[in-house]
2 protein chains.
Amino acid sequence: MENREQLLAQALALFAARGYDAVGVQEIVAAAGVTKPTLYHYFGSKRGLLEALLESHFGPFERNLAAAVTHTGDLPLALMRVTQAYFTFAQTTPAFYRLHLALYMAPSEAEARQVVSPYYLRQHTLLAEMFAQATTQHGNMRGRHARYALALRGMIDSYVLAVLDGYAAFSETLVYELVHQFSHGIYS
Amino acid sequence: MENREQLLAQALALFAARGYDAVGVQEIVAAAGVTKPTLYHYFGSKRGLLEALLESHFGPFERNLAAAVTHTGDLPLALMRVTQAYFTFAQTTPAFYRLHLALYMAPSEAEARQVVSPYYLRQHTLLAEMFAQATTQHGNMRGRHARYALALRGMIDSYVLAVLDGYAAFSETLVYELVHQFSHGIYS
DNA sequence: GCGTTATTATACCATTCGGTATAGAAATAG
DNA sequence: CTATTTCTATACCGAATGGTATAATAACGC
């Protein structure tokens, strides 16, 4: 089982560095110190390897996210939890965050995109439901859940990418500022 | 010169549909109805083709954007102009918008990313300067120009992607709602 | 007319692509 | 100990990769 994890780890590093399509299986197995049949034994195909990679990281994260969006009547608090969850995720495994961003922005016909799509959709649904539950407190939100989820995710990814590119650093302050900006706009 | 434009058009369609790395030059020249030496005559390399493609679309757009950010003492108006400029761009050439999103989110070591990076940086600078000029009117913005530019771009791309994926439609209303949300947050 | 340059096709290059058939180890079950 | 299953290596597959040497053709200035 150790070879399996080596393959996942090296595949993540290579995919994140140069992209899914640009990295060949030969390069992955060489980095992992094994040969091709080993990879095909565990994952069946290059795509299967990608799917396993996504599941291993997104699986646990989605459970975190599901806990973070749990509404307790305090939307501002939930927003902080959610944003913090994404930031922690990106900080813990920056390579994976980069990879999944690249995969999601990839063309819809690209095979890599089809693999991430379900994960993104589930997360979007979780976020939208958080806003939907807040409707009780903020009646004027009605019908805007999806757009709010969209904008929040867009801001988070935009901020995270800036950090990954070295233009900023992760901090509690950054989380607060993002949430504050999202909540009250730029004129306050 | 007609072959040159055919190559650019077909390359855009293919890159946008399946990704830069996944599309071979053979496929491009076949779609354009020419052969490989023609492509290499005009562009020198696959990367050169990508560079020409980006310049041909981003060049004109950056001039539009530069006009849109021109500050006239009315930041809300400038925000509307900027957002509208991006939406119009995405609506006019959706394939190119998809492609450039994919390229920018690609890993920094990926050759495709290096080609888009300068364009994205210039656009970010233009946006940040717009917010900087608004400091006169809104003193509390000081030091936040970069983050505002980041968040605005993130929201725009997030919205545009949703439209390109068929979850929404371009409209004046959508532009207004985006700008309003960006300006005043979700509690208004 | 001529010489020059720009443009294009045929045919080819070495390398790499994702994937596999065969078979040898290694672990496990009985 | 044997039988079976799991795992891994050698060696290979056809197809496609980005790119090019050679040469024919077309367009051009003169």
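Between them, chain B and chain A of this predicted model bury about 3,900 Å², of which 60% lies on carbon and sulfur atoms; buried area is the accessible area (1.4 Å probe) that two parts lose on being put together, summed over both. Of the area that chain B buries against chain A, 19% is supplied by B:M105, B:I186 and B:Y187, more than by any other three residues. In terms of contact (heavy atoms within 4.5 Å), 49 residues of chain B meet 49 residues of chain A. The copies meet through the same surface, because 100% of the interface residues of chain B are also interface residues in chain A.

As the model is predicted, local features need pLDDT of at least 70 and side-chain atom pairs count only at pLDDT 80 or more, whereas totals for chains, interfaces and linings use all residues. Residues are numbered from 1 along each chain as its sequence is written, chains are lettered from A and ligands numbered from 1 in the order in which they are written, and side-chain values use heavy atoms, with hydrogens and water left out.

Polar interactions also cross the interface. There are 4 salt bridges between chain B and chain A, a salt bridge being a side-chain nitrogen of Lys or Arg within 4 Å of a carboxyl oxygen of Asp or Glu. One of them joins B:D165 to A:R113, with the closest N and O atoms 2.8 Å apart. In addition, 11 residue pairs across the interface are in polar contact, both residues being at pLDDT 80 or more. A polar contact is a pair of N or O atoms within 3.5 Å; within protein, one must be able to donate a hydrogen and the other to accept it, and residues adjacent in sequence count only if both atoms are side-chain atoms.

The side of chain B that touches chain A receives two or more residues from each of α1 (2-18), α5 (75-92), α6 (94-105), α7 (111-133), α8 (145-164) and α9 (172-184) of chain B. Helices (H or I, at least four residues) and strands (E, at least two) are DSSP runs, numbered from the N terminus. The most is given by α8(B), with 10 residues. By class, this side of chain B has 29 nonpolar, 11 polar and 9 charged residues; Ala, Val, Leu, Ile, Met, Phe, Trp, Tyr, Cys and Pro count as nonpolar, Asp, Glu, Lys and Arg as charged, and the others, Gly among them, as polar.

A turn of 180° with a shift of 0.0 Å along the axis lays chain B on chain A with an RMSD of 0.0 Å, the superposition being by least squares on the C-alpha atoms of residues with pLDDT of at least 70 in both copies. The two copies are therefore related as by a two-fold rotation axis. In chain B, the C-alpha of B:G185 is the nearest to this axis, at 2.0 Å. Chain A contains 9 helices and 0 strands, and its C-alpha trace spans about 60 × 30 × 30 Å along its principal axes.

DNA strand C is surrounded by 15 residues, the closest being A:K36, A:K46, B:N3, B:T35 and B:Y42; a residue is near the strand if one of its heavy atoms lies within 4 Å of it. Sugar and phosphate make up 54% of the atoms of DNA strand C that come within 4 Å of the protein. A backbone N or O atom of A:V25 lies 2.8 Å from a phosphate oxygen of the strand, and for A:V23 the corresponding distance is 3.4 Å. From the other chain, an N or O atom in the side chain of B:T35 is 2.7 Å from a phosphate oxygen. Two or more residues of the surface near DNA strand C come from α3 (36-43) of chain A and from α3 (36-43) of chain B, with α3(B) giving the most, 4 residues.
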